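This note was prepared in reply to a request for comments on the structure shown below. The points are numbered for ease of reference.

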Amino acid sequence: ILLARSQHALALAQAQRALMESRNTPQEPLLLLTAAHVLARMGRRAEAEDMIAELSKKTEPLAGNRDTRRVHLARGLVALASRDAAGAIKELEAAEATLPARGTAPGANPHVMIWYALAEAYFSAGRDADAARRFQRIVDVGYERFAYPIEYVRCFYFLGKIHEKSGDTTKAREAYRRFL
């Protein structure tokens, strides 16, 4: 939530604290991903890349779908924060390709995080139809979005912008109404 609200310094402090507490636990890879994302959003790309290198090193021996997905997601989020839409799309599409059909439990899955970042990357690259499909997927999905209320609401804003740009004022108004 801190990251979604652009409270980067607080988000980084929380991520670093959690990372210190999670060393050599199953949560460590997720926190390395989170720290890389926060650092990239703060413009600290070199440090973010160091976190990704550490994430890759820790997950490489096992490298199942979840671990591979986390590395691609981390690289995609860093590329997106660095305004590299093409690089973000490449990595986030690779992360999306490893997703199971449905999440396992509310808040315990990366579906919305990946779809939202991919939608933002598509939107930044001017690929509005692709962005709209991902934003709409988040709007339509069930329990997978429960841990992402801010992203869920922002989907309506982006859908409104996309519909407005395409000239569909009725759909744009409805999306903006739901956003508000």
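1. Glu 96 has a relative accessibility of 14% and therefore counts as buried, the limit for that class being under 20%. The structure discussed here is a predicted model. Glu 96 takes part in a salt bridge with Arg 137, in which the closest N and O atoms are 3.1 Å apart. This pair connects distant parts of the chain, since Glu 96 belongs to helix α5 and Arg 137 to helix α7, with their positions 41 residues apart. Arg 137, at a relative accessible area of 36%, is partly exposed.

2. Asp 130 and Arg 133 form a further salt bridge, with an N to O distance of 2.2 Å. Both residues lie in helix α7, and because they are 3 residues apart, about one helical turn separates them. An α-helix has 3.6 residues a turn, so residues three or four places apart point the same way. Asp 130 counts as buried at 16% relative accessibility, whereas Arg 133 is partly exposed at 49%. Elsewhere, salt bridges with shared partners join Arg 23, Glu 28, Glu 54 and Lys 58 into one network.

3. Within that network, Glu 28 and Arg 23 are bridged, their closest N and O atoms being 2.7 Å apart. Glu 28 is buried, with a relative accessible area of 2%, while Arg 23 is partly exposed, with a value of 35%. In the whole structure, a search finds 12 salt bridges.

4. Helix α1 covers residues 8-21. Its 14 residues, at 1.5 Å a residue, should span 20 Å, and the end C-alpha atoms are indeed 20 Å apart, so expectation and model agree. The buried residues of α1 are His 8, Ala 11, Leu 12, Ala 15 and Leu 19. Viewed down the helix axis, these buried residues fall within an arc of 95° and so line one face of α1. On the face turned away from them are the exposed residues Ala 9, Arg 17, Met 20 and Glu 21. The buried residues are covered by elements that include α2 (28-41) and α3 (45-59).

5. Which residues have the most contacts inside the largest nonpolar core? They are Met 51, Leu 73, Leu 92, Phe 135 and Ile 138, in a core of 52 residues. At least two core residues are supplied by each of α1, α2, α3, α4 (65-81), α5, α6 (111-124), α7 (128-140) and α8 (149-166). The largest share, 9 residues, comes from α6.

6. Leu 92 lies in helix α5, which covers residues 85-97. Leu 92 is buried, with a relative accessible area of 0%. Beyond its neighbours within four places in sequence, Leu 92 is in contact with Leu 73, Gly 76, Leu 77, Ile 114, Ala 117, Leu 118 and Ala 121. The C-alpha atom of Leu 92 is 17 Å from that of Val 38, a residue 54 places away along the chain.

7. Met 51, when residues up to four places away in sequence are not counted, touches Leu 19, Leu 32, Ala 35, Ala 36 and Leu 39. Ser 56 is found in helix α3. At 16% relative accessibility, Ser 56 counts as buried. With residues up to four places away again left out, Ser 56 touches Val 71 and Arg 75.

8. The search for aromatic pairs over the whole structure finds 8. One of them is the stacked pair of Phe 135 and Phe 158, at 4.9 Å centre to centre and 0° between the planes. This pair links distant parts of the chain, with Phe 135 in helix α7 and Phe 158 in helix α8, 23 residues apart. Phe 135 is buried at a relative accessible area of 0%, and Phe 158 also counts as buried, at 15%.

9. The rings of Tyr 157 and Tyr 176 have centres 6.2 Å apart and planes at 50°, so this pair is tilted. Tyr 157 in helix α8 and Tyr 176 in helix α9 (residues 169-179) are 19 residues apart, and their pairing links distant parts of the chain. Tyr 157 is partly exposed, with a relative accessible area of 31%, and Tyr 176 counts as partly exposed at 22%. Ring pairs join Tyr 116, Phe 123, Phe 135, Tyr 157, Phe 158, Tyr 176 and Phe 179 into a cluster.

Conventions: Residues numbered from 1 in each chain as written. Predicted model: local features only at pLDDT ≥ 70, side-chain atom pairs only at ≥ 80, totals over all residues. Heavy atoms only, no water. Helix = DSSP H or I, 4+ residues; strand = E, 2+ residues; numbered from the N terminus. Buried < 20%, exposed > 50% of the residue type's maximum accessible area, 1.4 Å probe, protein only. Contact = heavy atoms within 4.5 Å. Expected span 1.5 Å × (residues − 1). Arc of directions from axis to C-beta. Core = buried A, V, L, I, M, F, W, Y, C linked by side-chain atoms within 4.5 Å. Salt bridge = Lys/Arg side-chain N within 4 Å of Asp/Glu carboxyl O. Phe/Tyr/Trp six-rings, centres within 6.5 Å; stacked < 30°, edge-to-face > 60°.
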